[in-house]
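Q: I am new to this structure and would like to learn how to read its features. Please take them one at a time.

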Amino acid sequence: MGAMITLSSSRTQLIFYLIVLLLSPFPYSSADPDPLQDFCVADLKSSTSANGFPCKLSSEVTSDDFFFDGLVKEGNTSNPFGGSVTPGNVLSFPGVNTLGISMNRVDLVPGGLNPPHLHPRSTESGIVIEGKVLVGFVSTGNVFYSRVLGGGEMFVVPKGLVHFQMNVGEGKALIFTAFNSELPGAVVLPLTLFGSKPAVPIDVLTKAFQVDEDVVNGIKSKFGF
């Protein structure tokens, strides 16, 4: 009889713990809340903001807010990298506000590079529309993953990992990339390290890259800093 009481008590405790486990708001099960309205076109002129942009009044929303032609035209590739990124995020396309999506257009001349960078708030997927492109990223375990892609081929870069795209073909390359954030952000490593304002201390850069001060100043001069 005593054994039966102990078994019953243990089973009750197990059920209790399972209920607590299922109802507890563990971080791994959390996600952005679903919108409570059909849309929230960003009011970029508003002086108030929270974690994102406030909504336009519904009475001020028009069809134009849900369409964007900014990715139609080729970007300006006249720069040291020979590449251009045209964003279609909430700052240029307010209609994506709160929807957790955005896109970029990437244009690369032959040999052009979308330099090593990372997106702190989003995973990236992309498709090569034209050309031959080397796509690569580096894991936190310092493993380099890469492949040369042609038209119609896709890639994915996990959130927050350093990656790049380089045109290794003979003609122009065109890529469209997509993000699960309306504002994924971009930390472009060469510009961040060698072109920040105020500047990263020269001693930090010389020690980090194990080079002389002249080398660091030479790199800065390439970008006009």
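Q: How many salt bridges does the count come to?

A: A salt bridge is a side-chain nitrogen of Lys or Arg within 4 Å of a carboxyl oxygen of Asp or Glu. By this rule there are three salt bridges in this predicted model. Arg105 pairs with Asp107, their closest N and O atoms being 2.8 Å apart. Asp65 and Lys56 meet through their side chains at 3.1 Å, N to O. For Lys172 and Glu74 the N to O value is 3.2 Å. This last pair links distant parts of the chain, 98 residues apart. Lys172 is in the loop between strand E8 (162-167) and E9, while Glu74 is in the loop between H1 and E1.

Q: What should I know about the model and its numbering before going on?

A: Residues are numbered from 1 along each chain as its sequence is written, and side-chain values use heavy atoms, with hydrogens and water left out. The model is predicted: local features need pLDDT of at least 70 and side-chain atom pairs count only at pLDDT 80 or more, while totals for chains, interfaces and linings use all residues.

Q: Are the partners in these salt bridges buried or exposed?

A: Buried means under 20% relative accessible area, exposed means over 50%, and partly exposed is in between (1.4 Å probe, protein chains only). Arg105 and Asp107 are both buried. Asp65 is buried at 12% relative accessible area, whereas Lys56 is partly exposed at 26%. Lys172 counts as partly exposed at 46%, and Glu74 is partly exposed at 42%. Of the 225 residues of the chain, 29% count as buried.

Q: Which helices and strands make up the chain?

A: Helices (H or I, at least four residues) and strands (E, at least two) are DSSP runs, numbered from the N terminus. Here the chain has four helices and ten strands. Read from the N terminus, the order is α-β-β-β-β-β-β-β-β-β-β-α-α-α.

Q: What does Thr177 in strand E9 touch?

A: Contact means heavy atoms within 4.5 Å. Thr177 belongs to strand E9 (residues 173-179) and is buried, with a relative accessible area of 2%. Apart from neighbours within four places in sequence, its contacts include Ser102, Met103, Val106, Glu124 and Phe155. Ala178 also lies in E9, but is partly exposed at 26%. Beyond residues up to four places away in sequence, Ala178 touches Ser102, Met103, Thr123, Glu124 and Ser125. The C-alpha atoms of Ala178 and Met103 are separated by 4.3 Å, though the two are 75 residues apart along the chain. Across the chain, among contacts between residues at least 6 apart in sequence, 68% join residues at least 24 apart.

Q: Which residues form patches on the surface?

A: Patches are made of residues with over 30% relative accessible area and no salt bridge; like charges are joined within 9 Å, and nonpolar side chains (Val, Leu, Ile, Met, Phe, Trp, Tyr) within 5 Å. Asp and Glu count as negative, Lys and Arg as positive; His and the chain ends are not counted. The place of a charge is NZ of Lys, CZ of Arg, CG of Asp or CD of Glu. Asp203, Asp212, Glu213 and Asp214 form a negative patch. Asp203 sits in helix H3 (residues 202-209) and is exposed, at 58%. A nonpolar patch consists of Phe39, Phe66 and Phe67, with about 310 Å² of accessible area together. Accessible areas come from the Shrake-Rupley method with a 1.4 Å probe; for residues, only the protein chains shown count as cover. Phe66 lies in the loop between helix H1 (2-23) and strand E1 (83-88), and is partly exposed at 33%.
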